Amino acid sequence: MWGVNSSFMRYDFKAIEAKWQGYWAQAQTYKAEGPSDKPKYYVLDMFPYPSGAGLHVGHPLGYIASDIYARYKRLCGYNVLHPQGYDSFGLPAEQYAIETGQHPATTTEQNIQRYREQLDRLGFSFDWSCEVRTSDPDYFRWTQWIFLKLYDAWYDKTSDKARPVSELLEIFLKEGNSNLLASCDENTPVFSAQEWQAMDKDQQADILLKYRLTYLAETEVNWCPYLGTVLANDEIVNGLSERGGHPVVRKKMTQWIMRISAYAPRLLAGLDDIDWTFALKESQRNWIGKSVGALVHFEVKDSVHKVSVFTTRPDTIFGVSFVTLAPEHALVLELTTAEQRNAVLDYIQTTARRSERDRMADVKSISGVFTGSYVLHPFTKKPLPIWIGDYVLAGYGTGAVMAVPCGDQRDHDFAKFFELPIPNIFKGIDVEQEAFVEKAGFQIQNSDFLNDLDYASAMKVVIEHLESAEVGQGQTNFRLRDAVFSRQRYWGEPFPIYYVNGRPEPIDPKYLPIKLPQVDQYLPTEDGAPPLGRATQWAWDTAKKSVVDNSHIDHITVFPLELNTMPGWAGSAWYFFRYMDVQNDKEFASPAAMAYWKQVDLYIGGSEHATGHLLYSRFWTKFLYDLGIVPVDEPFKKLINQGMILGTSAFVHRVEGTATFLSKDQVKGEKTQLIHVDVNMVDASNQLNIEQFKNWRKDFSDATFVTNAQGQFVVEREVEKMSKSKYNVVNPDEICDQYGADSLRMYEMFLGPLEQAKPWNTAGISGVYNFLNKLWRLYIDDENNLKVTDAKASAASLKTLHKSIKKVKEDIEGFSFNTSVSTFMIAVNEFSAQSCNSKEVLEPLLILISPYAPHISEELWHRLGHNSSVTAQLFPKFDEGLLVEQTKVYPVSFNGKMRFTLELPLDLDATAIEQAVLKYDKTVAQLAGSVPKKVIIVPGKIINIVQ
């Protein structure tokens, strides 16, 4: 069935690609072996979300690159794991369900089938036997299991690792927590062993929740009313939801939180041990944000409260002239006087409409409100006014800053705007117009015991004074905040949690998975509860150990289940381990499988995941490593961010306020609005099909279109992100239909360096298509006969082959895939010019090119008489000796003017060269019977005949 088909009279890519895709699937050609004696290599693409729009030509870029590398590693003798699956929980499917009433599982399944069809057409060497889907109960059972492990763990700072809560209970029972160094809530009380034993069960549960690595807390979150859910910071762009562009506000809610902050030092240090780009590491370093400084406590005047401030510049403490709190700070309303209450409440409401990212990025706007209260300076006891301002964030540090206008520009701008004092503590430096922010080149003044000290000396002295006066201490802070882990949506992993007297209780792991219930709608309930609040079968029976009807809730044996679901990143934070042992229904993955595969050797995906998925994956991996579940503490050994393939969008000029459209060349200074046009309505000369546009945009069916003198309507063009919303998407199916998958694969690599953005141009693919036809003709003649023979290859052909082997090997290992495509083109041109038909050369050429163009390579490989797949061969070995030049092409000059060239062996001496050149027929013709006066020979360089 899979043998040579003589009907392929030409390069019939459609038949060839369908044939070999079927063969690979049936033969399971790309199925990884279990733990074996072969060296392993694990290649992975970032988990795709199966959207309804399917793939466009920009999506396969990273997949093609990883596929080339996976194929290359197989050819080098590695046991390669190259799996694929779907991050199938997500907001888009739920939004579609809200609009249509169709269950998200149905939509997701349809989208997955579409994705699979498109991926298969491109000939990827995925091991589909390892496929996982985050929405599959057999998969998210283990996501729920990991959550329970986190719930049952705490972080011991002394051993610098997570430990089971059972060990924490032993410590409390024996010695309380006064000597314990652990990551916990700031408001955790100190207690002795006797006090712990005197607490009731509920009190102990509340204390333990302050230590658990996943815990419940009221926190400021990004709430999107339209989507009805909380969003992470990386899911918000310019104050709007990334999905749909809906407004986001800040709101306090009780949420499940992941104590990722406990791992901040290790997440930072671990970056030194992995092969990631500098830019990507810097993104994570900045997000983790290590800061060294001091925690300073300011007493509130006429109050029992204190305002604690973390500062990296405690040396400037005598320059403080006011304190600013984040509008969301827990003490704001308590510290606000009656006279200021309305102003403060209005300001808090206004600020809630802005995301934290917007507030951080906006350095020009200045706003704030005085609370009416004062703190006392920790040393001078001078009253300092307490303000609130949106440039202070509740989640960073303590949510409060000691404002030093002379040493911080934002504080300086704030003080200037509200006419607050700017005391100068820098000797000889003018701070009237701007703050002095340097840490060198100054001495301190007007600062009591810090006078005349420099930065380094003052830092040490001030921390000593803070600690001796018990008004502060030295501290290292991290910007990384604990991650909100709840989402108020339906289509996500259910929490394996029920509630007894309002307190969370874990479900025993042996009863997992807890599956999603049926609901009548996918919207929040009328009283604002998440969609799971609509379920009638959503209570936990502790006697039956199963989910039962809500009507059975008696708070004795039947209790309510958690209504929130897990966030989108939960399933993608560990999926790379499940691929190692996906059929295992007894454990997360077997120790033997994990010991063999260990971690991902090469991970390829977009840079947009730098501070979301990649950070959470590293966090969960380190946690699982602490518990001895996985053998590594970093998930991805090497990571490459592929660049974007950009689309060339089309726009029409619409005169503002009218229904008149102008051809690009007819715009004469009118104020116009640019409107996106579907690129499929525009021809190669940038002319718009006006009738198609009118039919597409019914609101403009009666519009006026002003064309140029030739009757053409020319559109504006601009290169931007390829996106369905910009109507500039190119469907890979259409490219495969017209040119074939091998052409698409090679063209995407040919566009430019993998990491860089590059514009798509469909017209350019014809060059690659022509190349593949030329490759075909090296092997097959016009009568469909094999041209390849057993004849010995010429030295020139061997040289072409081996310089290609050397270059392609270097290119693949350096991820310079674009230059390999150029190498193939040069090689095929040279072989054609050499009339090469030697199997000695053309057989290894197919192995060499197979990672890039697997279908044509497989077909021609079998045409050469092989029964095994080209993927099962070994990568050709480079022979350096074949590149050593054996001959020299000499320029032959007469009286210093070059007339022709002559190729001679390099080992000839001057006498032999002279004899050979004088006998050459072109020399004889040039001399025309005359005798040369002199023959100048420099072996290996020149021949000059003087007449």
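Helices (H or I, at least four residues) and strands (E, at least two) are DSSP runs here, numbered from the N terminus. With those labels in hand, here is a set of close-ups of a predicted model.

**View 1. A positive phi at Ser835, in the loop between helices H25 and H26.** Helix H25 covers residues 817–833 and helix H26 covers 839–849, with Ser835 in the loop that links the two. Ser835 isn't a glycine, yet its phi is positive, at about 50°. Is Ser835 buried or exposed? Ser835 has a relative accessible area of 59%, and over 50% counts as exposed, so this serine is exposed.

**View 2. Pro844, a proline in helix H26.** Pro844 has a relative accessible area of 14%, and anything under 20% counts as buried, so Pro844 is buried. Which residues touch Pro844, once its neighbours within four places in sequence are set aside? They are Leu801, Lys839 and Pro876. Take Leu801: 43 residues separate Leu801 from Pro844 in sequence, while their C-alpha atoms are 8.2 Å apart in space.

**View 3. Helix H22 against helix H25.** Now we look at H25 itself, where it packs against H22. The two axes come within 7 Å and cross at roughly 120°, so H22 and H25 are oblique to each other. From H22, the residues in the contact are Met746, Met749 and Phe750. From H25, they are Phe817, Asn818, Val821, Ser822, Phe824 and Met825. Sorted by type, that contact has seven nonpolar residues, two polar ones and no charged ones.

**View 4. Helix H22 again, this time with helix H23.** H22 (residues 741–750) also packs with H23 (residues 765–779), at an angle of about 125° and with the axes 9 Å apart. This pair is therefore oblique too, and its crossing is right-handed. On the H22 side, the contact uses Asp742, Ser743, Leu744, Met746, Tyr747 and Phe750. On the H23 side, it uses Ile765, Val768, Tyr769, Phe771 and Leu772. How do the residues of this contact divide by type? Nine are nonpolar, one is polar and one is charged. Keep an eye on Met746 and Phe750 of H22: both take part here, and both also appear in the contact with H25.

**View 5. Strand S23, with strands S1 and S24 as partners.** S23 runs from residue 600 to 605, and six of its six residues are buried. Strand S1 (residues 40–45) runs parallel to S23, joined by three bridges. Strand S24 (residues 636–641) is also parallel to S23, with five bridges in that pairing. Leu602 is a handy place to see both pairings: Val43 stands opposite this leucine, and so does Lys638 in S24.

**View 6. An open, antiparallel sheet of four strands.** The order of the strands is S6-S5-S9-S17. Which strands stand at the edges? They are S6 (229–231) and S17 (483–484); each has a single partner strand, so one side of each has no neighbour in the sheet. Further in, S5 (residues 214–224) and S9 (residues 249–258) pair over 10 bridges. One bridge to look for is the one between Trp223 and Val249 in S9.

**View 7. A second open sheet, this one with mixed pairing.** Its four strands come in the order S32-S31-S34-S33. The edge strands are S32 (897–905) and S33 (934–938), which have a single partner each, so one side of each is left without a neighbour in the sheet. On average, neighbouring strands are turned by 20° against each other, ignoring direction. S31 (residues 887–894) and S34 (residues 942–946) run parallel and share three bridges, and Val892 has Ile943 in S34 as its bridge partner. Helix H28 (residues 910–919) lies across S31, S32, S33 and S34, and runs at about 125° to S33.

**View 8. Two loops with backbone details to spot.** In the loop between strand S19 (503–506) and strand S20 (539–541) sits Pro513. The peptide bond leading from Leu512 into Pro513 is cis, with omega near 5°. The other loop, between strand S27 (672–677) and helix H20 (690–696), holds Asn686. Asn686 is not a glycine, but its phi is positive, near 65°. With a relative accessible area of 26%, Asn686 is partly exposed.

Methods
Residues are numbered from 1 along each chain as its sequence is written. This is a predicted model: local features need pLDDT of at least 70, side-chain atom pairs count only at pLDDT 80 or more; totals for chains, interfaces and linings use all residues. Side-chain values use heavy atoms; hydrogens and water are left out. Axes are lines fitted to C-alpha atoms, for helices over the stretch in contact, and angles run from 0 to 180 degrees between N-to-C directions. Angles under 35 degrees count as roughly parallel, over 145 as roughly antiparallel, 65 to 115 as roughly perpendicular and the rest as oblique. A crossing is left-handed if the near helix is turned anticlockwise from the far one by less than a right angle, and right-handed if clockwise. Contact means heavy atoms within 4.5 Å. Ala, Val, Leu, Ile, Met, Phe, Trp, Tyr, Cys and Pro count as nonpolar, Asp, Glu, Lys and Arg as charged, and the others, Gly among them, as polar. Two strands pair if DSSP finds at least two bridges between them. Buried means under 20% relative accessible area, exposed over 50%, partly exposed in between (1.4 Å probe, protein chains only).
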